Amino acid sequence: MTDIFNHEYFDDFEREHPNIFASKLALLKIAITLDGTRDIGYTVSVGAGTGSYEAALREEGLEVQRIVEPSANLAAESRRRGFNVTKALIQNVAFEDESIDTVFYNGSAFGFIDETTLKTVFRQHYQQLKPTGVLALLDVPPASALGLAVQASFALTGENYVTDVLSQSWYAADTPRKTYWRTAEQYRALLEEAGFSSFAAWQTLRKHLSYHNDAPEQAVEGYQEGSYVALVARK
Ligand SMILES: C[S@@+](CC[C@H](N)C(=O)[O-])C[C@H]1O[C@@H](n2cnc3c(N)ncnc32)[C@H](O)[C@@H]1O
């Protein structure tokens, strides 16, 4: 697989947008701890990129045991941060049944996976999770303000207002694009098909894009407003 990611895409963005990073990190914490009601236990992060969120979680006492990341550039950066990284696509990685407490995808790695493969991957996660284990999917929903602006920017060239506003809340224009833009309802249907029946959702980045980085935002329940949403399924 050609490596389409550079760690600079993420490092530069996070340095320049510390409050967006903080809001997304707070959402991730709420998702994997079910709002502070569980220990995360043996935890796998899928598509961790540079491992920056996982390093921030570690500073708060939440340890990720394993990272699965296919990009050589990003996997190297995660390893440099001290994580146990398997450089692979999640669909090619086997785990023992009932061996994991928490699987999370922060930043939409599932949006790079076609539906047939994703059905298999979710079914495998259901088997790999211990009873009451948690699968958390964090994503920019297609109909959210940020989702619409990102998708609109694909069709726009030259100077324009959408791209200008988008640059206040999104990565560099040449950061690789998520291939599949699915709604919360579509993910829920895929998760139900995989065996999950207990669900929760939290959201953040609910302001206009130009205010996302002004201050860290507190996540709230639901998925219909935020430009960054955590869909959580419990086994
Ligand atoms: C938008 S980046 C998010 C990176 C990081 N988690 C963050 O939130 O900043 C999506 C990540 O998913 C990874 N990815 C893409 N397809 C994947 C797959 N099939 N299995 C695991 N990771 C995948 C990419 O290499 C990339 O690191």
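Residues 45–136 are 34% helix and 24% strand, counted as DSSP runs (helices H or I, at least four residues; strands E, at least two). The C-alpha atoms at the two ends of this stretch are 10 Å apart. UniProt, in an unreviewed entry, lists residues 45–136 as "domain: Methyltransferase type"; such annotations may be inferred rather than shown by experiment. The model is predicted: local features need pLDDT of at least 70, side-chain atom pairs count only at pLDDT 80 or more, and totals for chains, interfaces and linings use all residues. Residues are numbered from 1 along each chain, and side-chain values use heavy atoms, without hydrogens and water.

**Around the ligand**
- The ligand has 20 residues around it (a heavy atom within 4 Å).
- G47, E69, I90, Q91 and N106 come nearest.
- By class, this shell holds 12 nonpolar, six polar (Gly counts here) and two charged residues (Asp, Glu, Lys or Arg).

**Polar contacts (N or O pairs within 3.5 Å)**
- A backbone N or O atom of I90 lies 3.0 Å from a ligand nitrogen.
- The side chain of Q91 places an N or O atom 3.0 Å from a nitrogen atom of the ligand.
- For A48, a polar backbone atom is 3.5 Å from a ligand nitrogen.

**Burial**
- Alone, the ligand exposes 600 Å² (Shrake-Rupley method, 1.4 Å probe).
- The protein buries 95% of that area.

Notes. A polar contact is a pair of N or O atoms within 3.5 Å; within protein, one must be able to donate a hydrogen and the other to accept it, and residues adjacent in sequence count only if both atoms are side-chain atoms.
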